[in-house]
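Hello,

Here is the structure I promised to pass on to you. Have a look at it first, and then read my notes below with the model open beside them.

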Amino acid sequence: MADNSSVYEAISLVSDPFELFKDWHTKAKSHSDIKTADAFCFATSTSDGHSSCRMLIMRLFSNEGLSFFTSRLSQKAVELRENPLASCCFYWEPFQQQIRIQGRVELTEELSDKCWET
Ligand SMILES: Cc1cc2nc3c(=O)[nH]c(=O)nc-3n(C[C@H](O)[C@H](O)[C@H](O)COP(=O)(O)O)c2cc1C
């Protein structure tokens, strides 16, 4: 059995997490074994602490954060209006690498046109 212990070493030298994300995401996008490099697990929580998660597709990424599409009527949208703090996790299996992002989610319609063009 292969020794994968080094795979799980903490990345402690990164000063800019956005650069780390861009680096790993770019690598994942160009890997032939990864079909959905933009897929991530997204977790929301009601104000009384009931959490739920689901898979989503990232549509845009910048130093301001990431964006995704969803229905305003969905459970996640309802929960985000109640509690905008959420977290997500990307996992790229061939590299055994994951990135977790936590933050405040803004519900907006402004990005819609841009996203539909992609
Ligand atoms: C790989 C994958 C990608 C998905 N991408 C999206 C997405 O970008 N937006 C979305 O609203 N739902 C997406 N879904 C469906 C969600 O996982 C989820 O079932 C749906 O949004 C309803 O979630 P909610 O009821 O928790 O709000 C995706 C599902 C899978 C399996």
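**What I found**

Let me start with one residue: Ser67 sits in strand β3, which covers residues 65–68. Please keep in mind as you read that this is a predicted model. Is Ser67 buried, exposed or something in between? Ser67 has 18 other C-beta atoms within 10 Å, so it counts as partly exposed; a residue needs 20 or more to be called buried, and 12 or fewer to be called exposed. Ser67 also shows how folding brings distant parts of a chain together: 40 residues of sequence separate Ser67 from Leu107, yet their C-alpha atoms are 9.6 Å apart.

**The overall plan**

Now step back to the whole chain. There are three helices and five strands, and starting from the N terminus they follow the order α-β-β-β-α-β-β-α. Of the 118 residues in the chain, 10% are buried. If you take the contacts with a separation of 6 or more, 48% of them are between residues 24 or more positions apart.

The five strands make an open sheet, in the order β3-β2-β1-β4-β5, with antiparallel pairing. Which strands stand at the edges? They are β3 and β5; each has a single partner strand, so one side of each has no neighbour in the sheet. On average, neighbouring strands of the sheet are turned by 40° against each other, ignoring direction. Helix α1 (residues 17–29) packs on this sheet, where it touches β2, β4 and β5, and its direction makes about 130° with that of β5.

**A closer look at the strands**

Try finding Phe42 next, in strand β1 (residues 39–45). Phe42 has 23 C-beta neighbours inside 10 Å, so it is buried. Leaving aside residues up to four places away in sequence, Phe42 touches Cys53, Arg54, Leu56, Lys76, Ala86 and Cys88. One of these is Arg54, which is 12 residues from Phe42 along the chain, with 5.4 Å between the two C-alpha atoms. Another is Cys88, the bridge partner of Phe42 in β4. That bridge belongs to the pairing of β1 with β4 (residues 85–92), which is antiparallel and has three bridges.

Strand β4 also runs antiparallel to β5 (residues 97–104), and eight bridges join these two strands. For example, Cys89 has Arg100 as its bridge partner in β5. β4 and β5 form a hairpin with four residues between the strands. Gln96 lies in the loop between them, and there is something to notice about its backbone: phi is near 55°, a positive value in a residue that is not glycine. For comparison, most residues other than glycine have a negative phi. Is Gln96 buried or exposed? Gln96 has 11 C-beta neighbours inside 10 Å, so it counts as exposed.

**The two sides of helix α2**

Helix α2 (75–82) lies across β1, β2 and β4, and runs at about 50° to β1. Which residues of α2 are buried? They are Lys76, Glu79 and Leu80. Looking down the axis of α2, you will find these buried residues within an arc of 100°, so they line one face of the helix. The elements covering them include β1, β2 and β4. On the other side of α2, you can pick out Val78, Arg81 and Glu82, which are exposed.

**Around the ligand**

Finally, please look at the ligand. There are 14 residues around the ligand, and those that come nearest are Arg54, Thr70, Ser74, Gln75 and Lys76. You have met two of these names already, since Arg54 and Lys76 are both among the residues that Phe42 touches. Which element gives the most to this shell? The answer is β2, with five residues. Both β2 (51–62) and α2 supply at least two residues of the shell. By type, the shell is made up of six nonpolar, six polar and two charged residues.

I hope you enjoy exploring it, and do write back with any questions.

Best wishes

Note on methods. Residues numbered from 1 in each chain as written. Predicted model: local features only at pLDDT ≥ 70, side-chain atom pairs only at ≥ 80, totals over all residues. Near = placed C-beta within 6 Å. Nonpolar A, V, L, I, M, F, W, Y, C, P; charged D, E, K, R; others polar. Contact = placed C-beta atoms within 7 Å. Pairing = 2+ DSSP bridges. Arc of directions from axis to C-beta. Axes fitted to C-alpha atoms, helices over the stretch in contact; angles between N-to-C directions.
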